[in-house]
Amino acid sequence: PATDYVRLKGVLSKPGFGEFHLIDQQGRILETYPSIYYINYLEKEINISHLQGGIYIIRLIYSSSDDLKQSLTFKFIKIN
């Protein structure tokens, strides 16, 4: 559960670009965070204080410099 912020951290095996989407339960993209180049460590903090309580998803779209593409999803609960 989270109230104000969600933080994602992780080690990358290859440098690449990461783009984040904040998605509601109906599958609507509420926010898109622009693609950022990460070298070997990824860290992103997302402000969720403005959201109503409920279940949300953060989708990470990762593209490495050698065209490896991956999509990961993380579910969290926003509590007020």
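A strand, in this tour, is a DSSP run of E residues at least two long, and strands are numbered from the N terminus. With that term in hand, one can say that strand S1 gives the most to the lining of the largest pocket, with four residues. The model on display is predicted. The tour begins with the whole chain and then proceeds to selected places.

**The whole chain**

Display the protein chain as a cartoon. Six strands and zero helices should appear, in the order β-β-β-β-β-β from the N terminus on. Along the principal axes, the C-alpha atoms fill a box of roughly 40 × 20 × 15 Å. The chain has 80 residues, of which 31% count as buried. Consider next the contacts between residues at least 6 apart in sequence: 58% of them join residues at least 24 apart.

**The largest pocket**

Select Val 11, Leu 12, Leu 42, Leu 60 and Leu 72. The largest pocket holds about 210 Å³ of space, and these five are the closest to its centre among the 15 residues that line it. Colour strands S1 (5-11), S5 and S6 next, since each of them supplies at least two residues of the lining. What is the character of the lining residues, nonpolar, polar or charged? Ten are nonpolar, three are polar and two are charged.

Keep Leu 42 selected. Apart from residues up to four places away in sequence, Leu 42 touches Leu 8, Lys 9, Gly 10, Leu 12, Phe 20 and Leu 60.

**The nonpolar core**

Now select Val 6, Phe 20, Leu 22, Leu 42, Ile 48, Ile 58 and Phe 76. They have the most contacts inside the largest nonpolar core, which has 17 residues. Two or more residues of this core come from each of S1, strand S2 (16-23), strand S3 (29-38), strand S4 (41-47) and S5. S5 gives the largest share, four residues.

Centre the view on Phe 20, in strand S2. Is this residue buried or exposed? Phe 20 counts as buried because its relative accessibility is 1%, and the cut-off for buried is under 20%. Leaving aside neighbours within four places in sequence, the residues in contact with Phe 20 include Leu 8, Thr 32, Tyr 33, Tyr 38, Leu 42, Ile 58 and Leu 60. Charged-residue names also occur in that list, among them Glu 31, Lys 44 and Arg 59. A distance label may be drawn here: the C-alpha atoms of Phe 20 and Thr 32 are separated by 5.9 Å, although the two residues are twelve apart along the chain.

**The salt bridges**

The whole structure contains four salt bridges. Select Arg 7 and Glu 45, whose side chains meet in one of them at 2.4 Å, N to O. Arg 7 lies in strand S1 and Glu 45 in strand S4, so this pair ties together parts that are 38 residues apart in sequence. Both ends are partly exposed: Arg 7 has a relative accessibility of 48%, and Glu 45 has a relative accessible area of 40%.

Move to Lys 14 and Asp 66, which form a salt bridge with their closest N and O atoms 2.9 Å apart. Lys 14 is in the loop between S1 and S2 and Asp 66 in the loop between S5 and S6, so that distant parts of the chain, 52 residues apart, are linked. Lys 14 is partly exposed, with a relative accessible area of 33%, and Asp 66 is likewise partly exposed at 44%.

Select Asp 24 and Arg 28 next. Their side chains meet in a salt bridge at 2.7 Å, N to O. Asp 24 counts as buried, with 8% relative accessibility. Add Glu 43 to Arg 7 and Glu 45 in the selection: salt bridges that share partners join these three residues into one network.

**Ser 64 and Asp 67**

Select Ser 64, in strand S5. Ser 64 is buried, with a relative accessible area of 6%. Beyond its neighbours within four places in sequence, Ser 64 is in contact with Lys 14, Pro 15 and Gly 16.

The last stop is Asp 67, in the loop between strand S5 (54-64) and strand S6 (69-78). Asp 67 counts as exposed because its relative accessibility is 63%. Which sign does the phi of Asp 67 have, positive or negative? The phi is positive, about 70 degrees, although Asp 67 is not a glycine. Most residues other than glycine have a negative phi.

Definitions and conventions
Residues are numbered from 1 along each chain as its sequence is written. Side-chain values use heavy atoms; hydrogens and water are left out. Buried means under 20% relative accessible area, exposed over 50%, partly exposed in between (1.4 Å probe, protein chains only). On a 1 Å grid over the protein atoms alone, a cavity is a set of points where a 1.4 Å probe fits but cannot get out, and a pocket is an open set with protein on both sides within 12 Å along at least five of seven lines; lining residues have an atom within 4 Å of a point. Grid points are joined across faces, edges and corners, and a volume is the space filled by probe spheres set on the points. A nonpolar core is a set of buried Ala, Val, Leu, Ile, Met, Phe, Trp, Tyr and Cys residues joined through side-chain atoms within 4.5 Å. Contact means heavy atoms within 4.5 Å.
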